[in-house]
Amino acid sequence: MNFHSQYLELEIFMDIGPSPSFPMERKVHIQISGRQIIQTKLRKSCSCTTKRLKNVVMDFFPVLRWLPKYHCREYIWGDVMSGVVIGIILVPQAIAYSLLAGLKPIYSLYTSFFANIIYFLMGTSRHVSVGIFSLLSLMVGQVVDRELLLAGAECGKDCYAIGVATALTFLAGFYQVLMGVFRLGFVSMYLSESVLDGFATGASLTILTAQVKYLIGIKIPRSQGHGILLTTWINIFRNISQANQCDVITSVVCIAVLVAAKELGDRYKQKLKIPLPTELVVIVVATLVSHYGKLNEVYASSVSGAIPTGFIPPQLPNFNMMHRVALDAVPLAIVGFAFTISLSEMFAKKYAYTVRANQEMFAIGFCNIIPSFFHCFATSAALAKTLVKSSTGCQTQVSSVISAVVVLLVLLFLAPLFYSLQKCVLACIIIVSLRGALRKFRDVPQRYHMNKVDTLVWCVTVFSSALISTEMGLLIGVLFSMLCIVVRTQRPRTALLGQIQSTAFYEDDWEYESLCPVPNAKIFRFEAPLYYANKDFFLKSLYRMTGLDPTLEAAKRKKNEKKQKEHLKEGNRGTIVKGSDQADTALHLVPKQVDFQTIIIDCSSVTFLDTAGIITLKEILKDYNELKITVLLACCNPSVIDSLKRGDYFGKDCKKMHELLFYSIHGAVQFARDRKLLADAPPSHMPMSHNKRVPLSFIIH
């Protein structure tokens with residue numbers, strides 16, 4: 001009669017219900033080969049019917065689905081209002097961000113116009129505002145300045161600069177479309193909120209630094225390479241004596257007005273139906289003052305210059321330039337689609353609708369590819385404009401068309417009026433628009449209180465983006481955040497569990513009071529997957545918390561047995577040992593006594609096992625069994641169970657599975673207690689068969 005039949009007999013008399021040691025019956029899943037899956041997808045994708053063709057076209061241009069269902073009376077007022085407001089905001093920001101990109105203001109206006117039209121046709125988000133984004137403008141500007149410096153182009157500088165920008169933009173859009181084709185949207189998952197926030201904040205410091213020379217009216221070249229922030233500030237202080245007093249006074253006044261208006265707008269935003277068009281008012285007033293005061297002629301204040309009207313004929317991007325900017329386009333593409341998708345999903349969740357991330361990649365990709373033929377540079381969704389858009393009653397992307405119409409009016413009729421606009425005014429608009437990103441520094445204590453690791457990731461990304469370069473900052477932030485995840489799984493929390501009184505639940509004995517220790521058992525929890533990188537930590541933690549290293553203990557016992565045999569041989573030869581020496585020797589030969597016979601490993605937090613993890617568990621089982629200590633596993637998920645089966649953890653044909661695996665900790669504890677009870681019972685009181693039932697009192701007594 002084996003032990004398992006005795007355990008079944010005991011269970012029947014104790015009336016404790018079905019044995020927790022029996023595995024539940026697993027469902028049989030039909031395995032489909034990869035070849036069949038590919039064939040099915042190809043058959044579905046390559047089928048060409050009228051219905052499928054219609055669905056493909058409507059999926060690629062979502063406007064064909066929602067525009068025929070447009071509720072004009074319900075939506076039109078909100079869309080027109082938000083479109084006009086965004087258009088009014090777009091114009092001054094577009095002109096200002098041309099400074100960041102190192103391009104003429106007219107190209108910024110082109111970019112704003114085409115991006116709105118294309119996203120209206122292809123986007124799935126109702127609220128996202130796509131256009132010029134300060135971070136992308138900065139990244140474009142750095143590449144443009146580098147290529148201008150390498151080429152030494154002075155004659156035709158503007159044409160060369162826009163050639164570099166369009167080549168870079170075309171490649172970024174091409175990469176984004178490829179990501180959509182190959183469904184690589186998962187890449188954005190590695191850009192955590194801490195990384196994106198840190199990147200935006202660090203880049204904001206670089207943007208602010210780049211605008212200081214316009215604020216004070218000095219002429220210094222844009223720094224290249226790593227450490228742009230420090231190099232620029234050194235150059236600023238070296239040339240501070242050349243500051244233009246007119247630009248300094250204008251900058252102080254404009255910043256004061258813009259900040260005051262923003263603060264008032266934030267304070268009374270509940271009462272204001274639309275945001276104050278402060279930037280537009282400042283630009284109009286500053287342009288009038290500069291024109292009639294002749295600030296350029298009298299004080300040598302730098303102005304925007306001539307902005308032509310109408311459209312320049314389309315032109316192919318400079319394909320000869322693309323091999324030089326191919327790598328620069330990669331971070332540009334990733335940052336662009338990451339911000340677009342995150343904003344799209346955020347506002348879709350807020351307003352209870354869905355967006356298609358893959359289509360968003362196509363949309364933002366073509367917002368870069370097509371405009372690159374029309375002298376435009378990189379675009380993406382922008383948070384500030386999207387917030388304004390949603391707060392002013394936007395319902396659909398019809399508002400983007402309205403914004404494009406406003407920009408078109410400026411392009412056709414109003415652009416030349418901004419000839420006398422000072423560059424320092426544009427720099428003030430850019431700097432004040434960074435308030436939100438720079439305010440993130442105030443949130444550091446709260447962020448630290450919430451999660452220390454995320455705060456560390458944020459700080460590393462901020463300082464690497466600011467002090468090294470924006471592209472390297474993004475890469476360092478991603479790598480560091482992944483490293484943090486690896487480190488957290490390498491050295492996870494471990495715990496010994498105790499039983500909550502009068503319940504079948506168990507918790508961390510270190511964290512909670514009044515937990516009952518489980519007699520003759522140690523319950524060990526490991527809060528991470530078990531794989532090659534943390535198996536040694538797993539073993540060290542288990543040995544430390546149980547107070548027993550089976551390998552060392554087995555070695556000690558073998559050594560003691562050897563000494564004991566030698567001692568017996570000496571005794572048989574008639575060697576006389578004094579009483580005290582004999583007692584000391586006997587005491588030394590007694591093996592270490594442990595206060596437990598069972599180790600239960602709580603696997604509820606073990607999400608997966610690799611080969612090293614399986615081997616580690618098998619070695620633990622073997623080493624502790626040699627010391628007559630049972631090792632039980634509890635709360636394993638199906639994938640872990642399958643890994644253990646494939647690794648022959650439960651023996652051939654999984655014969656020992658019912659003795660080693662339990663679906664709850666309490667089931668494992670009950671099994672260990674009953675096993676101990678049966679082991680301690682006198683042989684005459686042990687149940688002999690399933691047909692002969694022994695009273696429970698016999699076993700207990």
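**Figure 1. The second largest pocket of this predicted model has a volume of about 1,000 Å³.** The model is predicted, so please read each view in that light. Let's start at the middle of the pocket: Gly102, Lys157, Lys213, Tyr214 and Lys423 lie nearest its centre, out of 34 lining residues. Six helices, α5, α6, α7, α8 (157-181), α9 and α19 (423-433), each supply at least two residues of the lining of this second largest pocket. Sorted by class, the lining of the second largest pocket has 16 nonpolar, eight polar and 10 charged residues.

**Figure 2. Helices α5 and α6, both of which help to line the second largest pocket, cross in a right-handed sense.** Here we look at α5 (residues 72-101) together with α6 (residues 105-122), whose axes come within 7 Å and cross at roughly 130°. That angle makes α5 oblique to α6. On the α5 side, the contact is made by Leu90, Val91, Ala94, Ile95, Tyr97 and Ser98, and on the α6 side by Pro105, Ser108, Leu109, Ser112 and Asn116. The residues of this contact of α5 with α6 divide into seven nonpolar, four polar and no charged.

**Figure 3. Helices α7 and α8 pack with their axes within 9 Å.** The two axes cross at roughly 130°, and α7 and α8 are therefore oblique to each other. The handedness is easy to state: α7 passes α8 in a right-handed crossing. From α7, the residues to look for are Val140, Val143, Val144, Glu147, Leu148 and Ala151, which meet Lys157, Tyr160, Ala161, Val164, Ala165 and Leu168 in α8. Ten would be a good number to keep in mind here: the contact of α7 with α8 has 10 nonpolar residues, no polar and two charged. Lys157, one of the α8 residues in this contact, is also among the residues that lie nearest the centre of the second largest pocket.

**Figure 4. Helix α11 packs against α19 at an angle of about 35°.** The axes of α11 (residues 245-267) and α19 are 9 Å apart, and α11 passes α19 in a right-handed crossing. Follow α11 along its contact residues and you will find Asp247, Thr250, Ser251, Cys254, Ile255, Leu258, Val259 and Lys262. Their partners in α19 are Cys424, Val425, Cys428, Ile429 and Val432. The residues in the contact of α11 with α19 divide into nine nonpolar, two polar and two charged. Helix α19 may be familiar from the first view, as α19 supplies at least two residues of the lining of the second largest pocket.

**Figure 5. The largest cavity has a volume of about 140 Å³.** The structure holds two cavities of 30 Å³ or more, and this view takes us to the largest. Of the 13 residues that line the largest cavity, Ala210, Arg222, Ser223, Ile228 and Thr232 are the closest to its centre. Two or more lining residues come from each of α7 (134-151), α9 (193-216) and α10 (228-238). Helix α9 gives the largest share of the lining, four residues. By class, the lining of the largest cavity divides into six nonpolar, five polar and two charged residues. Helices α7 and α9 also each supply at least two residues of the lining of the second largest pocket.

**Figure 6. The second largest cavity has a volume of about 50 Å³.** To finish, here is the lining of this cavity: Phe526, Leu530, Phe538, Ile601, Asp602, Cys603, Val606, Leu609, Leu617 and Val640. Which classes do the residues of this lining divide into? The lining of the second largest cavity has nine nonpolar residues, no polar and one charged.

Key: Residues numbered from 1 in each chain as written. Predicted model: local features only at pLDDT ≥ 70, side-chain atom pairs only at ≥ 80, totals over all residues. Heavy atoms only, no water. Axes fitted to C-alpha atoms, helices over the stretch in contact; angles between N-to-C directions. Parallel < 35°, antiparallel > 145°, perpendicular 65-115°, else oblique. Left-handed = near helix turned anticlockwise from the far one by under 90°. Contact = heavy atoms within 4.5 Å. Nonpolar A, V, L, I, M, F, W, Y, C, P; charged D, E, K, R; others polar. 1 Å grid on protein atoms, 1.4 Å probe; cavity = no way out; pocket = protein on both sides within 12 Å on 5 of 7 lines; lining within 4 Å. Points joined across faces, edges and corners; volume = space filled by probe spheres on them.
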